[in-house]
Amino acid sequence: MVSRDDDALSWDGDDDPTLAPQVAPRRAASPSESDLKTAPASRPSAETDAAPASVADDVDPAPMSNVALVTLGVFGGIYLLLAVGWFLGGSRLQFVAQLFINPAAHIAAWILAIAAPAVWFATALVLTRSRPIWLRIIALVVGAVVLLPWPFLTTGVGA
């Protein structure tokens, strides 16, 4: 006899009803007012009782693979490093930028440069949501190359 404590150690198969996939019931389409006006009152139409054929079932998209999720995580880390690079590189150029442009303009450009990697990452994820994963990866690679923090790469952070 198996006790309740040993349930986690035994497997009886897939007869557990809680493991069955949950399917939401489909709503029947209600007839519109124009359909009710054109249909005779004495005979209900079969078209008004059934759901239209053009209504697509609500199907969840296929989940991403583990490799795709890890790749997105790596790109998230790369984009975080790009933002840190823009922060450090822009702070290093603050004195030089004050000689040529208004300090307020430098601060505004610096803030936009720091935010650009996060904006690109979020935009690439949103705009490629229904596209193949390889297209999302290409968009993230292009963004990582375009957003390289050149002030950090050329001057560094040394004193």
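Select Arg136 to begin: at a relative accessible area of 9%, this residue is buried (buried means under 20% relative accessible area, exposed over 50% and partly exposed in between, with a 1.4 Å probe and protein chains only). You are looking at a predicted model, in which local features need pLDDT of at least 70 and side-chain atom pairs count only at pLDDT 80 or more, while totals for chains, interfaces and linings use all residues. Residues are numbered from 1 along each chain as its sequence is written, and side-chain values use heavy atoms, with hydrogens and water left out.

**Stop 1: around Arg136**

Arg136 sits in helix α6. Helices here are DSSP runs of H or I with at least four residues, strands are runs of E with at least two, and both are numbered from the N terminus. Now show the neighbours: leaving aside residues up to four places away in sequence, Arg136 touches Met64, Leu72, Ala124, Leu125, Thr128 and Arg129 (a contact means heavy atoms within 4.5 Å). Pick Leu72 from that group, and you will find its C-alpha 9.1 Å from that of Arg136, although 64 residues separate the two in sequence.

**Stop 2: helix α3**

Leu72 is also one of the buried residues of α3, and others to select include Phe75, Tyr79, Trp86 and Gly90. The buried residues of this helix pack against α4, α5, α6 and α7 (150–155). Try checking the helix length: the 27 residues of α3 should span 39 Å at 1.5 Å a residue, and the end C-alpha atoms are 39 Å apart, so the two agree. The expected span is 1.5 Å times one less than the number of residues.

**Stop 3: across to helix α5**

Keep Tyr79 selected and add Ala118, which is found in helix α5. How far apart are Ala118 and Tyr79 in space, C-alpha to C-alpha? The distance is 6.7 Å, with their positions 39 residues apart in sequence. Ala118 counts as partly exposed because its relative accessibility is 48%.

Next, color all of α5 and look at Ala115, where the helix bends by about 35°, with a proline, Pro117, following within four residues. That bend is the angle between axes fitted to the seven residues ending there and the seven starting there. Then select His106, Trp110, Ala113, Pro117, Phe121 and Ala124, which are buried in α5. An α-helix has 3.6 residues a turn, so residues three or four places apart point the same way. The buried residues of α5 pack against α3 (66–92), α4 (94–100) and α6 (133–146).

Zoom in on His106, which is buried with a relative accessible area of 9%. Not counting residues up to four places away in sequence, His106 touches Gly90, Leu93, Gln94, Ala97 and Ile101.

**Stop 4: out to the surface**

Go back to α6 and select Ile138, which lies in that helix. Is Ile138 buried or partly exposed? Ile138 is partly exposed, because its relative accessible area is 43%.

**Last stop: the whole protein**

Zoom out to see seven helices and zero strands. Buried residues make up 17% of the 159 residues. Among contacts between residues at least 6 apart in sequence, 69% join residues at least 24 apart. The accessible surface comes to about 12,600 Å², and 66% of that belongs to carbon and sulfur atoms; such areas come from the Shrake-Rupley method with a 1.4 Å probe, and for residues only the protein chains shown count as cover.
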